[in-house]
Amino acid sequence: MDPWTDAHEHNGYRDMCLMIRNPSRLYEGCPPGLPQHYALRIIEHFLLAPLGEVRDLTITSAYRSQTVQSGLYALDPAKAARKAKGISQHILGEAVDFVPEGDMQECFLWCLDHLRPWQAILEYDAAGPEVIHLSIPSSIETIRSKRLLHVGGLWRDFDGTFPIISPGGAAA
Ligand SMILES: [Zn+2]
């Protein structure tokens, strides 16, 4: 048994992380030595590990390089990178998207109460809650702490209430 595995089994860390179904996804595309790698470790320690103790979850997105992020916006890379820098903590390694098992709205509330994320966003698709985005305090001072819902393509401040999802699908 290698020392790394052994050490983690001794302090119980391995058991704790069994609920994160794809833990290696967190560091995908982000080599050690980058400041973003350190930020992702903070995300693992303060956000994902505590949540993983109470719920299964699957990581869907974490670090995005400028290139990957720019690809999401396409066309002019320089322009897209500037634009992305202002709006995405993913480039900084300071945000993670995940899908928890069970009631996603309930999980969102749990995260707000127990993890004190810097930004928390619950994103909806037509069928209902789709993914949760959480972040840690940013190294960029202008990135403010927020709680948001993203519903029907629009952003709204989370006021403690969730949208009504009609049986037909579309969230109002
Ligand atoms: Zn995100």
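Of the 172 residues in this chain, 26% count as buried. The model is a predicted one. The chain contains six helices and six strands. Read from the N terminus, its elements follow the order α-α-α-β-α-α-β-α-β-β-β-β. Among contacts between residues at least 6 apart in sequence, 62% join residues at least 24 apart.

The interior may be considered next. In soluble globular proteins, nonpolar side chains tend to be buried together. The largest nonpolar core of this model has 27 residues. Those with the most contacts inside this core are Leu26, Ile43, Leu48, Val96, Cys111, Ile132 and Leu134. Two or more residues are given to the core by each of the elements α3 (35-52), β1 (57-61), β2 (95-100), α6, β3 and β4 (128-135). The largest share, six residues, comes from α3.

Leu134 shows how such a residue is surrounded. Leaving aside residues up to four places away in sequence, Leu134 touches Leu47, Ala95, Val96, Cys111, Leu115, Pro117 and Ala120. Two of these partners, Val96 and Cys111, are themselves listed with Leu134 among the core residues that have the most contacts.

Cys111 leads to the helix α6, in which Cys107, Phe108 and Cys111 are buried. Why do these residues lie on the same side of α6? They cover an arc of only 105 degrees around the axis, and therefore they share one side of the helix. The buried residues of α6 pack against α3, β2, β3 and β4. The face of α6 turned away from this buried side carries the exposed residues Asp113 and His114. The helix thus presents a buried side and a face with exposed residues.

The path of the chain beyond this helix can now be followed. Arg116 lies in the loop between α6 (104-114) and β3 (119-125). Just after α6, Arg116 takes a positive phi of about 50 degrees. Is Arg116 buried, exposed or partly exposed? Arg116 has 14 other C-beta atoms within 10 Å, and so this residue counts as partly exposed. A buried residue would need 20 or more such atoms, whereas an exposed one would have 12 or fewer.

Arg116 also illustrates how positions separated along the sequence may be related in space. Arg116 and Phe46 are 70 residues apart in sequence, and their C-alpha atoms are 9.2 Å apart in space. Phe46 falls within the residue range 35-52 of α3, the helix that gives the core its largest share.

Note on methods: Residues numbered from 1 in each chain as written. Predicted model: local features only at pLDDT ≥ 70, side-chain atom pairs only at ≥ 80, totals over all residues. Helix = DSSP H or I, 4+ residues; strand = E, 2+ residues; numbered from the N terminus. Core = buried A, V, L, I, M, F, W, Y, C linked by C-beta atoms within 7 Å. Contact = placed C-beta atoms within 7 Å. Arc of directions from axis to C-beta.
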